[in-house]
Amino acid sequence: MASALTDKLTRLVKEMRGQARITETNVQDMLREVRMALLEADVALPVVRDFIARVKEKALGQEVLGSLKPGQTLVSIVNRELAATMGEGVADINLAAQPPAVILMAGLQGAGKTTTTAKLAKHLIEKRKKKVLTVSGDVYRPAAIEQLKTVTKQAGAEWFPSTPDQKPLDIAHAALDYAKKHYFDVLLVDTAGRLAIDEALMKEIKDLHAALNPVETLFVVDAMQGQDAINTAKAFKEALPLTGIVLTKLDGDSRGGAALSVRQITGAPIKFAGVSEKLDGLEVFDAERHAGRILG
Ligand code: GDP
């Protein structure tokens with residue numbers, strides 16, 4: 001696939017015409033362009049460094065030095081490495097648990113947790129034929145509870161009521177009891193988010209995790225989040241055994257470098273991408289396609 005990066009690298013190679021062959025220095029120049037492309041896509045700096053080191057090793061392993069089209073060869077190495085880092089095949093939601101399978105949603109406020117909870121409910125109802133209950137543990141924002149109620153109904157799932165005067169753990173236990181008694185297959189637990197990482201929030205979600213023993217703990221992260229994605233991802237990874245990532249707002253014009261940062265920091269698979277505000281705007285994440293987008 002032709003990309004802005006391929007064009008740049010082809011130009012670099014043209015400038016080298018007259019030289020007998022590509023040298024290590026030329027490869028360094030090309031890698032500098034790759035580095036720029038990743039930084040422009042908002043991949044976090046330490047992640048870029050690691051990535052470039054891995055690509056350099058492969059590139060200098062003769063593949064680029066000896067090839068007839070060194071620019072294109074390097075781009076395809078970069079593409080392959082990006083896709084390999086971000087993906088590991090299709091990773092749908094794991095429901096292998098004694099019902100109800102609990103799915104815990106984690107992430108900062110505004111990342112898209114509530115929207116994604118309803119999108120997942122719709123996905124599990126329509127694609128996996130499951131009976132789905134949702135509950136909100138966000139006792140700090142009554143509007144967040146109401147929002148979950150509204151979108152849950154739109155998704156065709158059932159909503160379990162909670163109120164701001166309750167404790168998140170009590171809400172979780174009550175919802176779990178109800179889900180068991182009424183034979184729900186899945187319980188989706190939306191949680192409170194803050195605008196920035198904060199210790200009380202992390203303790204709360206850790207306690208919820210311990211009480212609920214979820215089969216999936218999904219980290220919801222905004223693809224528009226740039227360099228900061230790495231800090232958010234680190235904090236959530238330290239607090240919780242994440243089983244997957246949902247990258248939201250990929251319909252925006254960001255190049256989505258956060259995908260690489262978050263994947264590398266958490267080690268968890270990117271399972272879904274949010275591609276609209278609407279409830280059908282959830283797609284299985286496609287690592288190869290996303291690699292092309294990051295390179296621009
Ligand atoms: P929460 O605070 O993490 O629960 O975030 P919300 O679910 O309330 O989402 C915050 C805002 O982002 C809302 O306006 C959503 O409509 C919007 N949003 C969530 N996911 C997506 C997405 O994939 N694409 C777009 N364009 N907007 C989204």
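A backbone N or O atom of serine 276 lies 3.4 Å from an oxygen atom of the ligand. The protein covers 80% of the 580 Å² of accessible area that the ligand has on its own (Shrake-Rupley method, 1.4 Å probe). This is a predicted model, where local features need pLDDT of at least 70, side-chain atom pairs count only at pLDDT 80 or more, and totals for chains, interfaces and linings use all residues. Residues are numbered from 1 along each chain as its sequence is written, and side-chain values use heavy atoms, without hydrogens and water.

Around the ligand there are 17 residues (a heavy atom within 4 Å); Gly110, Lys113, Thr114, Thr115 and Asp251 come nearest. The table lists polar contacts of ligand oxygen atoms (pairs of N or O atoms within 3.5 Å).

| Residue | Atom in the residue | Distance |
|---|---|---|
| Glycine 112 | polar backbone atom | 2.9 Å |
| Threonine 115 | side-chain N or O atom | 2.6 Å |
| Serine 276 | backbone N or O atom | 3.4 Å |

Now to strand β6, residues 244-248 (strands are DSSP runs of E, at least two residues; helices are runs of H or I, at least four, all numbered from the N terminus). 5 of its 5 residues are buried (under 20% relative accessible area, 1.4 Å probe, protein chains only), so β6 is largely enclosed by the rest of the structure. Gly244, Val246 and Thr248 point one way, Ile245 and Leu247 the other.

β6 has parallel partners (pairing takes at least two DSSP bridges). Strand β5, residues 216-222, joins β6 over 5 bridges. Leucine 218 is bridged to glycine 244 of β6. With strand β7, residues 270-274, β6 shares 3 bridges. Leucine 247 has alanine 273 of β7 as its bridge partner.

Notes: Buried means under 20% relative accessible area, exposed over 50%, partly exposed in between (1.4 Å probe, protein chains only). A polar contact is a pair of N or O atoms within 3.5 Å; within protein, one must be able to donate a hydrogen and the other to accept it, and residues adjacent in sequence count only if both atoms are side-chain atoms.
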